[in-house]
Amino acid sequence: MVKILKVGVIGTGMIGQDHIRRITDLIPSAVVTAVTDTNADNAKQAARKAADIKIFETAEQLIAADNVDAVLICSWGGAHEAAILLALAAGKPIFCEKPLADSQAACQRIIEAEVKLGKRLLQVGYMRRYDPAYKAMKATIDSGKIGAPLIFHSVHRNAGVPDHYKGDMAISDTMVHDIDVARWLLDSEVARVRVVGAKKNTRGGGLRDPLMALIEMDNKTLASVEVSVNIDYGYDIQGEVSAEKGSVSLGETNKIIVKSQGQFSGEILADWMLRFVEAYDVEIAMWAEAARHGGVTGPSAWDGYAIQAVSDAAIKSADSGDVVELNIGDKPSIYV
Ligand code: NAI
Ligand code: ISE
């Protein structure tokens, strides 16, 4: 067991810097010792977030460094695979932000490398599983109180998105969270998916936004997903599972309701950083604790792979208008 976990961070943009703050301020048994970013300014800014952070030129150098016990990858999805394969080869525990990589094939290569090691070393950042409200939904389903789940409805709305958010990111960057939760709450892999674009939000530039997905699971349950990423009024995450004899939904997130002049109102949170702060805190703390003991828990490379397969299929469906069948193969035993 490592006494104080020394963490190297690859990719020090928005969430990379937030995780560095989290480790520095909230986790006494871990410390950030190294950073690297292709954008030197971001790396310098991140290095000022704690004492004694060394800046490395490349991910390869950071992963090989003696003062790095474990690696936190927060670069863009397309850069994840290369860093993961290096960290797996070095035998260092990894936390990789979602998505695991940028295609089913890339995720497959990651799985093959981890399976060759014979044990899990990677956790992927599907943090909704650590959110108290989603956890309570899952516990309600597992208690049997509402009977067998039949349909999951998910609504994922962002007020707006950054300039680099382009192409199919409404699926590959955003809908992936809903796919994760569908697999988790309905306890099944996905059989097929259909995605339909609706009338475009004029605030969304050329993006396909909003989108609706209908997902059929292997166990015959269903999930519907709305993704709207330029909804203006705030960050709004809704979810409901309808079951054989009851239902369970996420509550609103406002802590108070104001009643005044014949109306009542409550705050709507602005973005994902605020809505899921507790989930990120628990997720990173649990990762660091497991990594200190040389392993990992939480969402696995298999989860990242299965979600990416659905994401690829959903993009195909949005392009063609067809229902797209999934074929992800058997789950290797290290993930069972
Ligand atoms: P960002 O654009 O703010 O930061 C990404 C950073 O990675 C940039 O500084 C960029 O220069 C750097 N980078 C890109 N390629 C690199 C490479 N090959 N080596 C080193 N650095 C590289 O993006 P943001 O919002 O921080 O997102 C990063 C990742 O985190 C994405 O995969 C995103 O999907 C995920 N994310 C997850 C969230 C969640 O809710 N779990 C929330 C926000 C982001
Ligand atoms: C972002 O990358 C996230 O992961 C957020 O949780 C999600 O709501 C947002 O749409 C993504 O762009």
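**Exercise 1. The site of ligand 2**

A polar side-chain atom of Asn158 sits 3.1 Å from an oxygen atom of ligand 2. Find which other side chains place an N or O atom at 2.6 Å from an oxygen atom of ligand 2, then describe the shell around ligand 2.

*Solution.* The model is predicted: local features require pLDDT of at least 70, side-chain atom pairs count only at pLDDT 80 or more, totals for chains, interfaces and linings take in all residues, and side-chain values rest on heavy atoms, with hydrogens and water left out. Residues are numbered from 1 along each chain as its sequence is written, while chains are lettered from A and ligands numbered from 1 in the order in which they are written.

Step 1. A polar contact is a pair of N or O atoms within 3.5 Å; within protein, one must be able to donate a hydrogen and the other to accept it, and residues adjacent in sequence count only if both atoms are side-chain atoms. At 2.6 Å from an oxygen atom of ligand 2 there is an N or O atom in the side chain of His156, and another in the side chain of Asp173.

Step 2. Of the 300 Å² that ligand 2 exposes when taken alone, the protein buries 87%. Accessible areas come from the Shrake-Rupley method with a 1.4 Å probe; for residues, only the protein chains shown count as cover.

Step 3. A residue is near a molecule or strand if one of its heavy atoms lies within 4 Å of it. The residues around ligand 2 are Lys98, His156, Asn158, Tyr165, Asp173, Thr174, His177, Tyr235 and Trp272.

Step 4. By class, this shell holds 3 nonpolar, 4 polar and 2 charged residues. Here Ala, Val, Leu, Ile, Met, Phe, Trp, Tyr, Cys and Pro count as nonpolar, Asp, Glu, Lys and Arg as charged, and the others, Gly among them, as polar.

Step 5. Helix α7 (residues 169-186) gives the largest share of the shell, 3 residues. Helices (H or I, at least four residues) and strands (E, at least two) are DSSP runs, numbered from the N terminus.

**Exercise 2. The site of ligand 1**

Explain why ligand 1 lies between domain 1 and domain 2.

*Solution.* Step 1. Ligand 1 is surrounded by 26 residues, of which Asp37, Asn42, Trp76, Lys98 and Tyr280 are the closest.

Step 2. Asp37 has a polar side-chain atom 2.6 Å from an oxygen atom of ligand 1; for Tyr280 such a side-chain atom is also 2.6 Å from an oxygen atom of the ligand. The backbone of Thr38 puts a polar atom 3.4 Å from a nitrogen atom of ligand 1. On its own ligand 1 has 850 Å² of accessible area, and the protein covers 86% of this.

Step 3. The shell around ligand 1 counts 10 nonpolar, 12 polar and 4 charged residues. Its largest share, 3 residues, comes from α4.

Step 4. Ligand 1 lies between the domains because both domain 1 (5-128 + 278-306) and domain 2 (132-274) contribute to its shell. The domain bounds come from an automatic or database domain assignment.

**Exercise 3. The two sheets**

Which strands stand at the edges of the 7-stranded sheet, and which at the edges of the 6-stranded one?

*Solution.* Step 1. Two strands pair if DSSP finds at least two bridges between them. The open sheet of 7 strands runs β12-β11-β7-β10-β9-β8-β15, with mixed pairing. Its edges are β12 (247-249) and β15 (324-325); each has a single partner strand, so one side of each lacks a neighbour in the sheet.

Step 2. Strands β7 (residues 149-157) and β10 (residues 222-228) are parallel and joined by 7 bridges. β8 (residues 190-197) and β9 (residues 211-217) run antiparallel, with 7 bridges, and 2 bridges link β8 to β15, also antiparallel.

Step 3. The other open sheet has 6 strands in the order β3-β2-β1-β4-β5-β6, paired in parallel. At its edges stand β3 (54-55) and β6 (122-124), each with a single partner strand, so one side of each is left without a neighbour in the sheet.

**Exercise 4. Backbone outliers**

Which residues does a cis peptide bond join, and where do the prolines lie?

*Solution.* Step 1. Most residues other than glycine have a negative phi, and most peptide bonds are trans.

Step 2. Lys98 and Pro99 are joined by a cis peptide bond with omega about -10°; Pro99 is in the loop between β5 (94-96) and α5 (104-117).

Step 3. From Asp209 to Pro210 the peptide bond is cis, omega being near 5°, and Pro210 belongs to the loop between β8 and β9.

Step 4. Asp52, in the loop between α2 (40-47) and β3, has a positive phi near 60°.
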